[in-house]
Amino acid sequence: MSASEQAPEQDTPDAPDATDTPDATDATDEPTGLTPRQARLLRVVAGSVLLVVTGAVLVARLASHTSVLVVGVYGLAMILCGVVIELSRNGRTRLATWLLVGGLATAFTLDWLVLP
């Protein structure tokens with residue numbers, strides 16, 4: 001029997017055994033949370049939904065109080081939602097999240113404090 005006809009060795013010392021229990025390092029190998037693509041999609045969907053909600057609130061506010069200030073505050077909030085969608089599409093999800101939360105909180109606080 002020549003060397004090329006010999007069967008490769010089946011049991012290697014470096015190969016893990018099927019009966020081995022996983023150690024603590026195996027648990028950290030798998031990433032947890034959202035993938036970057038899922039995070040971008042989530043921010044785009046959140047921005048789109050909040051854009052529609054802000055538009056509906058604008059229409060409701062204009063029905064009760066016709067004011068340029070109402071249009072200005074909610075118009076800027078809707079523009080902010082559009083900016084968040086574009087930032088999310090370009091991979092700037094953390095910045096988009098902070099702008100979305102901070103901008104909409106500011107807009108609704110201005111509505112509560114300033115607008116008649």
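Reader: Which residues form a nonpolar patch on the surface?
Author: This is a predicted model. Together the patch residues have about 560 Å² of accessible area. H4 gives the most to the patch, with three residues. The members are Leu69, Leu110, Trp112, Leu113 and Val114.

Reader: Is Leu110 buried, partly exposed or exposed?
Author: Leu110 lies in helix H4, residues 93-113. Its relative accessibility is 38%. Buried means under 20% and exposed means over 50%. Leu110 therefore counts as partly exposed.

Reader: What does Leu110 touch, not counting residues up to four places away in sequence?
Author: Leu69 is 41 residues from Leu110 in sequence, and their C-alpha atoms are 10.0 Å apart. The contacts of Leu110 are listed with residues up to four places away left out. They are Val73 and Leu115.

Reader: And which residues does Leu115 touch, with the residues up to four places away not counted?
Author: Leu115 belongs to the largest nonpolar core. Its contacts include Leu110, a member of the surface patch. Arg61 is also among them. The full list is Arg61, Leu69, Val70, Val73, Tyr74 and Leu110.

Reader: Which residues touch the most other members of the largest nonpolar core?
Author: The core has 13 residues. The elements that give two or more residues to this core are H3 and H4. The residues with the most contacts to other members are Val70, Tyr74, Leu100, Leu104 and Leu115.

Reader: Which element gives the most to this core?
Author: The core holds 13 residues. Seven of them come from the element in question. That element is H3.

Reader: What span should helix H2 have?
Author: Helix H2 covers residues 36-64, which is 29 residues. The rise is 1.5 Å a residue. The end C-alpha atoms lie 42 Å apart, which agrees with the expected span. That expected span is 42 Å.

Reader: Which helices do the buried residues of H2 pack against?
Author: Buried in H2 are Ala39, Val44, Gly47, Thr54, Gly55, Leu58 and Arg61. These buried residues pack against two helices, one of them spanning 68-89. The partners are H3 and H4.

Reader: Which residue forms a salt bridge with Arg61?
Author: Side chains of opposite charge can pair when their charged atoms come close. In this pair the closest N and O atoms are 2.8 Å apart. Both residues are buried. The partner of Arg61 is Asp111.

Reader: How many residues apart in sequence are the parts that this pair ties together?
Author: The structure holds two salt bridges, and one of them joins Arg61 to Asp111. Arg61 lies in helix H2 and Asp111 in helix H4, so the pair ties together parts of the chain. The separation is 50 residues.

Reader: In which helix do Glu86 and Arg89 both lie?
Author: Their side chains meet in a salt bridge, 2.7 Å from N to O. Glu86 is partly exposed at 37% relative accessibility, and Arg89 is exposed at 54%. The two are three residues apart, about one turn of the helix. That helix is H3.

Reader: Which residues is Thr93 in contact with, leaving aside its neighbours within four places in sequence?
Author: Thr93 lies in helix H4. It is buried, with a relative accessible area of 16%. One of its contacts, Ala39, is a buried residue of H2. The contacts are Ala39, Arg40, Arg43 and Ser88.

Notes
Residues numbered from 1 in each chain as written. Predicted model: local features only at pLDDT ≥ 70, side-chain atom pairs only at ≥ 80, totals over all residues. Heavy atoms only, no water. Helix = DSSP H or I, 4+ residues; strand = E, 2+ residues; numbered from the N terminus. Buried < 20%, exposed > 50% of the residue type's maximum accessible area, 1.4 Å probe, protein only. Contact = heavy atoms within 4.5 Å. Expected span 1.5 Å × (residues − 1). Core = buried A, V, L, I, M, F, W, Y, C linked by side-chain atoms within 4.5 Å. Salt bridge = Lys/Arg side-chain N within 4 Å of Asp/Glu carboxyl O. Patch = residues over 30% accessible without salt bridge, like charges linked within 9 Å, V, L, I, M, F, W, Y side chains within 5 Å. Areas by Shrake-Rupley, 256 points an atom, 1.4 Å probe, with all protein chains shown as cover.
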